[in-house]
Amino acid sequence: MKLQVNGKDYDVSVPDDMPLLWVLRDVLGMTGTKYGCGMALCGACTVHLDGRAQRSCVLPVSRAAGHRITTIEGLDPQGEHPVQQAWVELDVVQCGYCQPGQIMSAAALLKEVPKPSDADIDAAMSGNICRCGTYQRIRAAVHRAAEIAGPGGRT
Amino acid sequence: MSAPGLSRRAFIARSAAAGGGLLIGLSLPSGLRRIFAQQAWSAPAPKISPNAFIRIAPDDTVTILLKHSEMGQGVSTSLPMVVAEELECDWRHVRSEHAPADIAYAHTVFHSQMTGGSTSTWESFDQLRTAGAAAREMLIAAAAARWGVPAGECRAENGFVIHGERRARFGELAADAEKLPVPAAPKLKDPKDWKIIGQATHRLDSPVKVSGQAEFGMDVRRPGLLTALVARSPWFGGKVRSFQAGNAKAVAGVVDVIEIPSGVAVLGENFWAARQGRDALEIVWDPGSMARHSTAGQLEDYRRQVRTPGAIAAAKGDAEAALATAAKTLEAEYAVPYLAHAMMEPLNCTAEIKDGACEIWAGTQFQTGDQIAAAKVAGLDPARVTVHTMFLGGGFGRRASPHADFVTEAVHLAKATGRPVKVVWTREDDLQGGHYRPLWMSRLRAGLNNHGRPIAWAHTIVGQSILTGTPFAARLKTTLDQTSIEGAADAPYLESIPDHRVDLHTTELRIPVLWWRSVGHSHTAFVVESFIDELAHASGKDPVAFRRDLLAADSRRRRVLDTAAQAFGWGRTLLEGHAAGIAVHESFGSVVAHVAEISVDNGRIRVHRVVCAVDCGPVVNPDGVEAQMQSGVVFGLSAALYGEITFRDGRVEQSNFHDYPVVRLHEMPRVEVHIVKSNEKMGGAGEPGTPPIAPAVANALFALTGKRLRSLPLRLA
């Protein structure tokens, strides 16, 4: 099966129904995308499929084939996507385990809504659980990322 | 990291060679190491070997070895700040990494290498300052010798040693400094000269955590690695009667099926194969004694016990006699459920046994316990077990397992297969795997005099002991488990209530229990601060004024209470449909008060704003303290609003985040943190923010609705 991940082509030999998450982590060795629940309840496994947020833990790999897959490792070549910059600037992370998923959800939101309201953020980010409770800083950092990206900015 | 079996000196030499730099260190007699390994829980405090903490590379990079595990609480920033303050290095060149398992990194109070009890910063504060100061003096001495000038004429500043016009980088001096004797009593800076301690400082672990490069236990990769999922008994104490592995082995990618003490493990080339394989296993269980256990039955049993006096935890005067003479008496029963930790990263551990040595990779809060437990299973000397501490995707106590339950499974399988094995718990395994915050019940009675002042207090507690059956039990000062009664037996209000009694029934059940962020305080703060609120209302007094009257005038608690109340604007008119509640509680050496402003929307409790005041003594990283208060509030709020593990027919009824919900972003209140300037003894920050939030919300709910909810989670219907 052919997959395109972070702009690179891969040929993997895995069962069709294997969730994309485990192909990324256990077959391709990209461990930035996390396992948290396996039921699309926590958002730790969020990746982009053609630029839109997807829970990779319930997405059969066969359905990801033929689409552009972006993971946290490929969000920005330097790791300096506006969302990542804002996250560092506002010290959002604590344990950090959920943050790749949070960041991928936030980046997908900003792509669709460059200047999100609190309600937009609620709607886009409530699927991502953080047990350390970094939500307040996540909210602030999404707003800050929108500023960093600027009007028509790169998200 | 150190190879197994190497002496500390050899480890240092190897590290220095590998890193091309200096790790200033002290050797440890192997005899002492062995004693430590065998009797870690009761070992004497190790001699401080302060410079085991600092490595200075030729390029000036300063690496601080972390004796505590980074699980989100920020020790990978705060501990280096403490060292760097004294070392006088350039903060921009500081990085940190987890230390190996070694006596040099033993907790100065608990005498084993572990992270818990909100102790990390205060227990290591003097040790790390001393380490930094010693290294600074050694670098100065090295420069002085090189220049042929008295050390007293040299000073260290921002990564340089300076003498007049001459300057030398730490990186150039490190190799010489390494050879010098470690000063026994280096001079510490006057706190008024601190430049780093007390300053809001950015986290050192942000860059790797936002780029996906941070390595958690779950991310460990080894050549030939197998992933294992273990089918454990659905009933605690249950056993495998028989099993059929055929269907599991038929799953593509499944390599083996192996029975271990905790259940039946399916090993696969990857998680998915192991998961499919485990689903296909056919196991006949012997459920053991828990087959008929139900939460309803347990509550009924506890309710019977709570109405009889237990073992005395605190007593003064005659509570019963005083109750009989009171102008008004109140009585109430409170209950809190079992809770799972539900860290975002489910439990996991990787183990590999090769050439008579064992390596384990885990996000762990208890390196010493894991090392000893792994050695026992592997049949090796603990010195032959290397522990690689990975980033922890949350800990909250679950990763400090006195029985190393999640570690030993991996070692059993590594031993059986001869290959590296990573045991991964699914979310379902995590929520159904026990080691919960215990279910607690309390019965309180209080008497008020004619002026509405409490004159009698009787509090009976029922629940399981966390410490019993663990190696820590030997440390119990009395026969009572202090973690069952902390926050209740020493409730501050008791000081002003002449006749009081707090007692405890310790129950025995097969349900494994464990410390859960704030441990005993997670139930006692709810109970005591709710009941005090009941007394305030019964006496017709304002909840803040009522508490103030009972707390000593110049006490920390009163200052913190006042700070929170003032910052909130206690007493002012709130929005229509809103109400506020307050609670104050001391735990882990710190006092925290929360004021919660809530409303009820379609039967759902909404928490809009939390004003938090905290006195944790001197603060290393104020930004970290703020983050921990916010974190503690969210963690406690999830328990207050949703958290509940229940049993029916002996089996846990919850399985994943759909039926064990936690607070999500749209429910996040605005949390404002006010750090009270304080010269009190330094306390903790990781846990103290959790206990007072549940009672603050429950008290607000009473103010709003007149309904007193006495069990968690708070349910209006």
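Reader: Which are the buried residues of α1(A)?

Author: In this predicted model, the buried residues of α1(A) are A:Leu20, A:Leu21, A:Trp22, A:Val23, A:Leu24, A:Arg25 and A:Asp26. Helix α1 of chain A spans residues 20-27, and because seven of its eight residues are buried, the helix is largely enclosed by the rest of the structure.

Reader: What covers the buried residues of α1(A)?

Author: The cover includes α2 (61-64) of chain A together with α8 (271-280) of chain B. Just after α1(A), the backbone at A:Gly29 adopts a positive phi of about 75 degrees.

Reader: Turning to a single residue, why does B:Ile461 count as buried?

Author: The general idea is a neighbour count, with 20 or more other C-beta atoms within 10 Å as the cut-off for a buried residue. B:Ile461 has 29 C-beta neighbours inside 10 Å and therefore counts as buried. This residue is found in strand β20 (residues 454-464) of chain B, and, leaving aside residues up to four places away in sequence, B:Ile461 touches B:Trp440, B:Ser442, B:Ser484, B:Ile485, B:Ala488 and B:Leu504.

Reader: How should I read the packing of two helices, and at what angle do helix α3 and helix α4 of chain B pack?

Author: A helix has a repeating face: an α-helix has 3.6 residues a turn, so residues three or four places apart point the same way. In chain B, helix α3 (residues 75-87) and helix α4 (residues 120-147) pack at an angle of about 35 degrees, with their axes 7 Å apart. The residues making this contact include B:Val75, B:Ser78, B:Leu79, B:Val82 and B:Val83 of α3(B), and B:Thr121, B:Ser124, B:Phe125 and B:Leu128 of α4(B). Sorted by class, the contact of α3(B) with α4(B) holds 11 nonpolar, five polar and four charged residues. The crossing of α3(B) past α4(B) is right-handed.

Reader: For a sheet, one would start from the strand order; in what order do the four strands of the open sheet in chain B run?

Author: The order is β22-β23-β24-β27 in chain B, and the pairing is mixed. The edge strands, β22 (579-587) and β27 (670-675) of chain B, each pair on one side only, and the twist from one strand to the next averages 20 degrees.

Reader: In which sense do strand β24 of chain B and β27(B) pair?

Author: Strand β24 (residues 604-615) of chain B and β27(B) pair in the parallel sense, over six bridges, and B:Val611 stands opposite B:Glu672 in β27(B). Helix α17 (residues 556-568) of chain B packs on the sheet, touching β22, β23 (590-601), β24 and β27 of chain B, and its direction makes about 130 degrees with that of β24(B).

Technical notes. Residues are numbered from 1 along each chain as its sequence is written. Chains are lettered from A and ligands numbered from 1 in the order in which they are written. This is a predicted model: local features need pLDDT of at least 70, side-chain atom pairs count only at pLDDT 80 or more; totals for chains, interfaces and linings use all residues. A residue is buried if 20 or more other C-beta atoms lie within 10 Å of its own, exposed if 12 or fewer, and partly exposed in between; C-beta atoms are placed from the backbone. Two residues are in contact if their C-beta atoms, placed from the backbone, lie within 7 Å. Axes are lines fitted to C-alpha atoms, for helices over the stretch in contact, and angles run from 0 to 180 degrees between N-to-C directions. A crossing is left-handed if the near helix is turned anticlockwise from the far one by less than a right angle, and right-handed if clockwise. Ala, Val, Leu, Ile, Met, Phe, Trp, Tyr, Cys and Pro count as nonpolar, Asp, Glu, Lys and Arg as charged, and the others, Gly among them, as polar. Two strands pair if DSSP finds at least two bridges between them.
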